[in-house]
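Please walk me through this model, from its helices to its small sheet and the side-chain contacts that can be read from the coordinates.

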Amino acid sequence: MLKSPGSLARAGRWFLESGIQEPSGGVARYYLSEIGSNKPVSTEITGYTASTFAWLFQITGDEIYLDRARLTARFLVEDVWDPTLDTFPFEHPSQLTWFFDCGIIIRGLLAVWRRTREDRLLEISQRAAHRMVVDFRAGNGYQPVLSLPAKKALPHTDHWSRSPGCYQLKSALAWLDVAE
């Protein structure tokens, strides 16, 4: 099944067989082995997974990774992407969207696009990136989280995911990727 030897093959096999990816292509934050079920699907983790499968395909050439990358991207654009709001909700379903997560998802879609050249992945990545500038912009920075569908900023807190900061750089990297 896997062409690559050693630890990469074992890691790839675990990732394929771990059960954290639902048949839909969405990926749970983690699997609760004691009760045999996944936590809810996380759009952030699904975005990371799209990037990982695209990378594993690039490194190994094994088509199973490309198939999974496509499945993962398809879930993000068909089940998660909200075309009326031009955004990706947090978890699935959710009434919130995070600046950080949108950047991770865009980067995941672009990683798959680089391997498949599926126009829809690039189109949605561009739309999401442009809309992030409008929706999350606040003075000289960006809001970390918005409520949906109104796209109203939630108050900042001391928790890393609810405060502006350098971790938001992943969204800037997504903008760079879209520009390239």
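The paragraphs below take the helices, the aromatic rings, the sheet and one lysine in turn.

The model is predicted, so local features are reported only where pLDDT is at least 70 and side-chain atom pairs only at pLDDT 80 or more, while totals for chains, interfaces and linings use all residues. Residues are numbered from 1 along each chain as its sequence is written, and side-chain values use heavy atoms, with hydrogens and water left out.

Helices and strands are DSSP runs numbered from the N terminus, a helix being H or I over at least four residues and a strand E over at least two. Helix α3 covers residues 63-80. Its 18 residues reach 25 Å from the first C-alpha to the last, close to the 26 Å expected at 1.5 Å a residue; the expected span is 1.5 Å times one less than the number of residues. At the N-terminal end of α3, Asp62 acts as a cap, with a side-chain oxygen 3.0 Å from the backbone nitrogen of Ile64. Such a polar contact is a pair of N or O atoms within 3.5 Å; within protein, one must be able to donate a hydrogen and the other to accept it, and residues adjacent in sequence count only if both atoms are side-chain atoms.

Burial is judged by relative accessible area: under 20% is buried, over 50% exposed, and in between partly exposed, with a 1.4 Å probe and protein chains only. The buried residues of α3 are Tyr65, Leu66, Ala69, Thr72, Ala73, Phe75, Leu76, Val77 and Val80. An α-helix has 3.6 residues a turn, so residues three or four places apart point the same way. The buried residues of α3 pack against α1, α2 (43-60), α4 (99-116) and α5 (119-136), where contact means heavy atoms within 4.5 Å.

Helix α4 is also of the expected length: its 18 residues should span 26 Å at 1.5 Å a residue, and its end C-alpha atoms are 26 Å apart. Because 15 of those 18 residues are buried, α4 is largely enclosed by the rest of the structure. Thr116 lies in this helix and is buried, with a relative accessible area of 15%. Leaving aside neighbours within four places in sequence, Thr116 is in contact with Leu66, Arg70 and Leu121. Just after α4, Arg117 takes a positive phi of about 60°. The charged end of Arg117 sits over the ring of Trp113, 4.2 Å from its centre; this requires NZ of Lys or CZ of Arg within 6 Å of the ring centre and within 35 degrees of the ring normal.

Helix α1 spans residues 6-17 and includes Gly12, which counts as buried because its relative accessibility is 1%. The C-alpha atoms of Gly12 and Trp81 are 27 Å apart, with their positions 69 residues apart along the chain.

How many aromatic pairs does the whole structure hold? A search finds nine. Rings of Phe, Tyr and Trp (its six-membered ring) pair if their centres lie within 6.5 Å; planes under 30 degrees apart count as stacked, over 60 as edge-to-face and the rest as tilted. Trp14 and Phe15 are stacked, at 6.0 Å centre to centre and 15° between the planes. Phe53 and Tyr65 have ring centres 6.3 Å apart and planes at 25°, so this pair is stacked too. That second pair links distant parts of the chain, with Phe53 in helix α2 and Tyr65 in helix α3, 12 residues apart. Trp14, Phe15, Phe53 and Tyr65 form one aromatic cluster. Within the cluster, Trp14 is exposed at 51% relative accessibility, whereas Phe15 is buried at 14%, Phe53 at 0% and Tyr65 at 0%.

The sheet is open and has three strands in the order β3-β6-β7, with antiparallel pairing; two strands pair if DSSP finds at least two bridges between them. Strands β3 (96-98) and β7 (152-153) stand at the edges, each with a single partner strand, so one side of each lacks a neighbour in the sheet. Strand β6 (residues 145-147) pairs with β7 over two bridges, and the bridge partner of Leu146 in β7 is Ala153.

Lys151 is in the loop between β6 and β7. Is Lys151 buried or exposed? At 16% relative accessibility, Lys151 counts as buried. A polar atom of the Lys151 side chain lies 2.3 Å from the backbone oxygen of Leu85, and a polar contact of 2.4 Å joins the side chains of Lys151 and Asp135. Not counting residues up to four places away in sequence, Lys151 touches Leu85, Thr87, Arg131, Asp135 and Leu146.
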